[in-house]
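Reader: I've got this one open on my screen and I'd like a close look at a single part, namely the core. Please walk me through what packs against what.

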Amino acid sequence: MSSAQIEIQLIASLVAVACAIPGTFLVLRKMAMISDAISHSILPGIVIGFFITQDLNSPLLILLAALTGILTVVLVEYIQKTGLVKEDTAIGLVFPALFSIGVIMIAKNANDVHLDVDAVLLGELAFAPFDRLIVSGVDVGPKSLWIIGSILIITIGLLFSFFKELKVSTFDAGLAASLGFSPVVIHYGLMTVSSVTTVGAFDAVGAILVVALMIAPAATAYLLTNELKRMLIYAICFGVFSAISGYWVAHWLDASIAGSITTMLGLIFLIVYLFAPRKGIIAVLYREKQQRTEVSLLTFLLHLKNHTEERERHVNHLNEHINWQKVRSKTVLDLALKNNMIQLDKNIVSLTEKGEDFTSQAIDYIITNEDTQIEDMKDDFFLFRG
């Protein structure tokens, strides 16, 4: 493995970590699309900074881009607060306008420099190792590595310094205000970090991959845990894994590195979306099936409680009376037997003492309709546990 390959993977990994930290809070605040808005609307700030300094490496570009990102958030919130449109509509109005202004400024005044729309949107990690930082005649590595590394160090420092404030303001802005934190300051601080991170990653990976690295790892982690610290760790791990595996997929296919990393992010999200233990599609469908079976079991037990004559409690008659298919009736019958709710004697079904108790409590639940009560009943009577 060459030094250029190592540098590319290192830059991609640092970008993934730098994006995952603010991205986690954006996902939790239900502001995922604001990252897309920021990643596009900061273009005018970059162009204006270049016009002033005539230097693509000037820190002023990052500063002005960050200010443009904050301006985007302010405009989106101002339009939303009018009550005339929702947040997604406000985002759709603001960032295309600002991005278009940046495109026009480039087309009219910066066509002869390396500041083009393709580079801004797509980036190219393969070229990052060729743009070196020279200090006193010494090559100290790729510029992108130093830029995103510096941003990451600042981001981690801010995370540790303001973790409590970020956590409280994210989950309960009212509580944060009552404790003396300013949710507005925290909010715009987060937007500033998101903007600076986006600008720092622009030249290396482009706006599209920045959005993917900010949102996809955090969204994937959110499907696995509700604990903030663990979610941050998961998001960082997913981002770094996608960055490295995406590079090697691109190397194998001779394809775009940014595209391959984004594809890996999508595949990881899809796998977790399907197989996550609690929030995955398969787990949700299984729980829904369990709930339908529980309702059927309750219907079955209520039928037994309301009918004492043997003809009504015969196994074959139950299929006809409740109008169930044989597979469903067998599932319910097996569940009732498994939980010792019923007993069979010559195909005549009758409630056990436990079944009588459960059915009486179930009737109380139907009358009171208290959700906590039915969950306690499941725990007490070991449904689906044998």
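Author: Here's a walk through the core, then a quick tour of some spots beyond it.

A bit of housekeeping. The model is predicted, so local features are given only at pLDDT of at least 70 and side-chain atom pairs only at pLDDT 80 or more, while totals for chains, interfaces and linings use all residues. Numbering starts at 1 along each chain as its sequence is written, and side-chain values use heavy atoms, with hydrogens and water left out.

The chain has 16 helices and four strands (DSSP runs numbered from the N terminus: H or I of at least four residues for helices, E of at least two for strands). Of its 386 residues, 47% are buried (under 20% relative accessible area; exposed is over 50%, partly exposed is in between, with a 1.4 Å probe and protein chains only). Among contacts with a separation of 6 or more, 66% join residues 24 or more positions apart (contact means heavy atoms within 4.5 Å).

Now the core itself. The largest nonpolar core holds 73 residues, and Ile 34 and Leu 125 touch the most other members (such a core is a set of buried Ala, Val, Leu, Ile, Met, Phe, Trp, Tyr and Cys residues joined through side-chain atoms within 4.5 Å). Two or more residues apiece come from α1 (3–28), α2 (32–41), α4 (59–81), α5 (87–109), α7 (143–171), α9 (183–222), α10 (228–253) and α11 (257–275). The top contributor is α9, which puts in 19 residues.

Start with Leu 125. Leaving out residues up to four places away in sequence, Leu 125 touches Ile 8, Ile 11 and Ala 12, then Ala 204, Val 205 and Leu 209, and finally Ile 257 and Ile 261. A separate core of 16 residues lies apart from the main one, with Phe 300, Leu 304, Val 315 and Leu 333 among its members.

Next comes Ile 34. Ile 34 sits in α2, and together with Ala 37, Ile 38 and Ser 41 it meets Thr 68, Gly 69, Thr 72, Val 73 and Val 76 of α4. The α2 and α4 axes come within 9 Å and cross at roughly 130° (axes are lines fitted to C-alpha atoms, for helices over the stretch in contact, with angles from 0 to 180 degrees between N-to-C directions). That makes the α2 and α4 pair oblique (under 35 degrees is roughly parallel, over 145 roughly antiparallel, 65 to 115 roughly perpendicular, and the rest oblique). The crossing of α2 past α4 is right-handed (the near helix is turned clockwise from the far one by less than a right angle; anticlockwise would be left-handed).

Another pair of contributors is α7 and α10. Their axes come within 12 Å and cross at roughly 115°, so α7 and α10 are roughly perpendicular. This crossing is right-handed too, with α7 passing α10. On the α7 side the contact uses Leu 159, Phe 163, Lys 167 and Phe 171, and on the α10 side Leu 228, Lys 229 and Leu 232.

What about a polar residue? Gln 9 is in helix α1 and counts as buried because its relative accessible area is 11%. Beyond its neighbours within four places in sequence, Gln 9 contacts Met 1, Ile 244, Tyr 247 and Trp 248.

Helix α3 (residues 43–53) is worth a glance as well: Leu 43, Pro 44, Gly 45, Ile 46, Val 47, Gly 49 and Phe 50 are buried there. After α3 comes Gln 54, with a positive phi near 55°.

Now for the contrast. Lys 30, in the loop between α1 and α2, is exposed because its relative accessibility is 72%, and its phi is positive, near 60°, although it isn't glycine. Ser 136 lies in the loop between β1 (132–135) and β2 (138–142); at 75% relative accessibility, Ser 136 is exposed, and its phi is a positive value near 55°. Even a valine can be out in the open: Val 295 of α12 (residues 281–306) is exposed at 54%. Val 295 and Val 332 are 37 residues apart in sequence, yet their C-alpha atoms are 9.6 Å apart.

Last stop, the hairpin. Strands β3 (residues 342–345) and β4 (residues 348–351) run antiparallel, joined by four bridges (strands pair if DSSP finds at least two bridges between them). Gln 343 faces Ser 350 of β4. Two residues separate β3 from β4, and Lys 346 in that turn has a positive phi of about 55°.
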